[in-house]
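This report describes the architecture of one protein chain, from its strands and helices to a pocket on its surface. Please consult the sequence and the structure below while reading.

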Amino acid sequence: MKKLIKQANEMYTKRRYKIVDMIAVKGLFLPLTVVLLTGCSQKAADSVRNTGYEKSALPTEQTTGFEDIKSLNEDAFAWLYIPDTDINYPILQDSEGDDSFYKGHNEYKEPDENGAIHIEAANLNNMCDFNEVIYGSSPDDGSRFAQLNNFLDKDFFDEHKYVHVYMEDNSLIYYIIAAYTRDNTRLLEQYDFSYASGCMEFINEIYRKGDDNKIIREGCETGLKPEHFLITLTTDSTDEPGKQTVVIGCLMGDVAGKIDRDVDYGDEEDIDIQAEQ
């Protein structure tokens, strides 16, 4: 773990994922240049050190830690943490490919109407997909992903900028770029993220104007490309029943330098796809 923390300070010189030189991307992350070069890796390391869980690399108050939870449930592959919120949970993927299992079971595989934080079988659990879609419920007690709905408040959104994902051999940090309410359709069914064209369709959704409750981080109004790596946290909307609230982040830190993939542009005509203005 100490080795990973040390590597955090060097992650921008060692990153290997494709075309995530965000300083060079027009518009996107440009106001963050100084922060990217000097501060984000330290924040990621501090968020671990300040909790006393250096062994597991998890900023969690639970007494078990990641290793113990994984020993009880082999489906746990990462831990999700949003600083200054109660969102602090393991991420699971059902090993049998049952996407409905963790809607009704918790991280210990116990029946639980609040379910667990999970991804579907169509997503890779190494976090190397274009868009990792992570699901969670919104219980009345405010647990699980209920606080995602707070991101629709501009003040709350402005004050919460980072999502941390901790894995056994890596530590990732995502910069939150957008939050809004959308129709309750499955993103992995609506968009084919295995092709650049499908990635661009989702990017166009993010940038599409006219959604009253959409918030986009200042400086991030343009610049996303299929070569980026996104994380989409989704839960039931508490303000608009039947819809979902999504909070979207873009990868900006990869301690171990393992996040990588080839982008399939398919037919030649797809190469010239552009974001809608």
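Why is strand E4 (residues 162–167) largely enclosed by the rest of the structure? Six of the six residues of E4 are buried, so the strand is largely enclosed. The model discussed here is predicted.

## Overall composition

The protein chain holds eight helices and eight strands. Of its 277 residues, 54% are buried. The exposed area of the chain comes to about 12900 Å², and carbon and sulfur atoms supply 45% of that area.

Contacts across the sequence were also counted. Among those between residues at least 6 apart in sequence, 65% join residues at least 24 apart.

## Strand E4 and its partners

Both faces of E4 are covered. On one side Tyr162, His164 and Tyr166 are buried, and on the other Val163, Val165 and Met167 are buried.

E4 pairs with two strands described here. With E1 the pairing is antiparallel and rests on three bridges; in it, Trp79 stands opposite Tyr166 of E4. With E5 there are six bridges, and the two strands again run antiparallel. His164 stands opposite Ile173 in E5, and a hairpin of two residues connects E4 to E5.

## Strands E1 and E2

Strand E1 (residues 76–81) is also joined to E2, by five bridges in the antiparallel sense. Trp79, which stands opposite Tyr166 in E4, has Pro90 as its bridge partner in E2. The hairpin of E1 and E2 has six residues between the strands, and Asp84 in this hairpin takes a positive phi near 65°.

How many residues of E2 are buried? Five of the five are, so E2 is largely enclosed by the rest of the structure.

## The loop between E2 and E3

Two residues with positive phi lie in the loop between E2 and E3. Lys109 is found in this loop, and its phi is near 65°, a positive value in a residue other than glycine. Met127 belongs to the loop between E2 and E3 as well, and has a positive phi of about 65° although it is not a glycine.

Their accessibility is as follows. Lys109 has a relative accessible area of 32% and is partly exposed, because that value falls between the limits of 20% and 50%. Met127, at 1% relative accessibility, counts as buried.

## Helix H8

Does the length of helix H8 suit its residue count, or what span should be expected of residues 196–207? At 1.5 Å a residue, the 12 residues of H8 should span 16 Å, and the end C-alpha atoms are 16 Å apart, which agrees.

H8 is mostly covered, with 10 of its 12 residues buried. Among the buried residues are Cys199, Met200, Phe202, Ile203 and Tyr207. The buried residues of H8 pack against several elements, including strand E5 (170–183), helix H7 (187–190), strand E7 (230–236) and strand E8 (243–254). Strand E5, one of these packing partners, is the strand joined to E4 by six bridges.

## The second largest pocket

The second largest pocket contains about 360 Å³ of space. Its lining consists of 19 residues, and those nearest its centre are Lys103, His118, Tyr135, Gly136 and Asp236.

Which element gives the largest share of this lining? E7 does, with three residues. Strand E7 is also one of the elements against which the buried residues of H8 pack.

Technical notes: Residues are numbered from 1 along each chain as its sequence is written. This is a predicted model: local features need pLDDT of at least 70, side-chain atom pairs count only at pLDDT 80 or more; totals for chains, interfaces and linings use all residues. Side-chain values use heavy atoms; hydrogens and water are left out. Helices (H or I, at least four residues) and strands (E, at least two) are DSSP runs, numbered from the N terminus. The expected span of a helix is 1.5 Å times one less than its number of residues. Buried means under 20% relative accessible area, exposed over 50%, partly exposed in between (1.4 Å probe, protein chains only). Contact means heavy atoms within 4.5 Å. Two strands pair if DSSP finds at least two bridges between them. Accessible areas come from the Shrake-Rupley method with a 1.4 Å probe; for residues, only the protein chains shown count as cover. On a 1 Å grid over the protein atoms alone, a cavity is a set of points where a 1.4 Å probe fits but cannot get out, and a pocket is an open set with protein on both sides within 12 Å along at least five of seven lines; lining residues have an atom within 4 Å of a point. Grid points are joined across faces, edges and corners, and a volume is the space filled by probe spheres set on the points.
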